[in-house]
Amino acid sequence: MGMPLELNTMIVTKGREQRINDNDFSLVKEGYRLYPIDIPIDIRKTIASESSGTAIIKKIEWTGTETTITYELVSLNSSN
């Protein structure tokens, strides 16, 4: 039986993102996930939390049973 494919319309980091450089990050998620590429999407720490900003996904990789996304943070919402 294959892994189910999940379609995601926002990035939920759960604080697990890794900084690559100033505005670029990578994030590993369990399972196979599909995200829109090259368009701004919402980024949140948890599904229920407020948007923490906007990101553009540059690359999606499926390996084993994981999805790795590489994204650029294009705007950050202030958390006052």
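Reader: Which residues make the nonpolar surface patch of about 430 Å²?
Author: In this predicted model, the patch consists of Leu5, Leu7, Leu34 and Trp62.

Reader: Where does leucine 7 sit, in terms of strands?
Author: Leucine 7 belongs to strand S1, which covers residues 5-7.

Reader: Is leucine 7 buried or exposed?
Author: Leucine 7 has a relative accessible area of 65%. It counts as exposed because the cut-off for that class is over 50%.

Reader: Turning to the interior, which residues make up the largest nonpolar core?
Author: There are eleven residues: Ile11, Phe25, Leu27, Tyr35, Ile41, Ile43, Ala55, Ile57, Ile69, Tyr71 and Leu73.

Reader: And which strands each supply at least two residues of this core?
Author: They are strand S4 (24-30), strand S6 (40-44), strand S7 (51-63) and strand S8 (66-76). The largest share, three residues, is contributed by S8.

Reader: Why would such residues be found together?
Author: As a general tendency, nonpolar side chains in soluble globular proteins are buried together.

Reader: What does leucine 27 touch, leaving out residues up to four places away in sequence?
Author: Leucine 27 contacts Ile11, Val12, Thr13, Arg16 and Glu17, and also Thr67, Thr68, Ile69 and Tyr71.

Reader: Now the sheet, please. In what order do the six strands lie?
Author: The order is S2-S6-S7-S8-S4-S3, in an open sheet with mixed pairing.

Reader: Which are the edge strands?
Author: Strand S2 (10-12) and strand S3 (18-19) are the edges, each pairing on one side only.

Reader: How does S2 pair with S6, parallel or antiparallel?
Author: S2 and S6 are parallel, with three bridges between them. Across this pair, valine 12 lies opposite arginine 44 in S6.

Reader: What about the other edge: in which sense do S3 and S4 pair?
Author: S3 and S4 pair in the antiparallel sense, over two bridges. Glutamine 18 is placed opposite serine 26 in S4.

Reader: What joins S3 to S4?
Author: A hairpin makes the connection, passing through four residues.

Reader: How many bridges join S4 to S8?
Author: Seven bridges link these two strands, and the strands run antiparallel. Within this pairing, aspartate 24 stands opposite glutamate 72 in S8.

Reader: Back to leucine 27: which of its contacts are threonines?
Author: Thr13, Thr67 and Thr68 are among the residues that leucine 27 touches. Leucine 27 is itself one of the residues of the largest nonpolar core.

How values were computed:
Residues are numbered from 1 along each chain as its sequence is written. This is a predicted model: local features need pLDDT of at least 70, side-chain atom pairs count only at pLDDT 80 or more; totals for chains, interfaces and linings use all residues. Side-chain values use heavy atoms; hydrogens and water are left out. Patches are made of residues with over 30% relative accessible area and no salt bridge: like charges are joined within 9 Å, nonpolar side chains (Val, Leu, Ile, Met, Phe, Trp, Tyr) within 5 Å. Accessible areas come from the Shrake-Rupley method with a 1.4 Å probe; for residues, only the protein chains shown count as cover. A salt bridge is a side-chain nitrogen of Lys or Arg within 4 Å of a carboxyl oxygen of Asp or Glu. Buried means under 20% relative accessible area, exposed over 50%, partly exposed in between (1.4 Å probe, protein chains only). A nonpolar core is a set of buried Ala, Val, Leu, Ile, Met, Phe, Trp, Tyr and Cys residues joined through side-chain atoms within 4.5 Å. Contact means heavy atoms within 4.5 Å. Two strands pair if DSSP finds at least two bridges between them.
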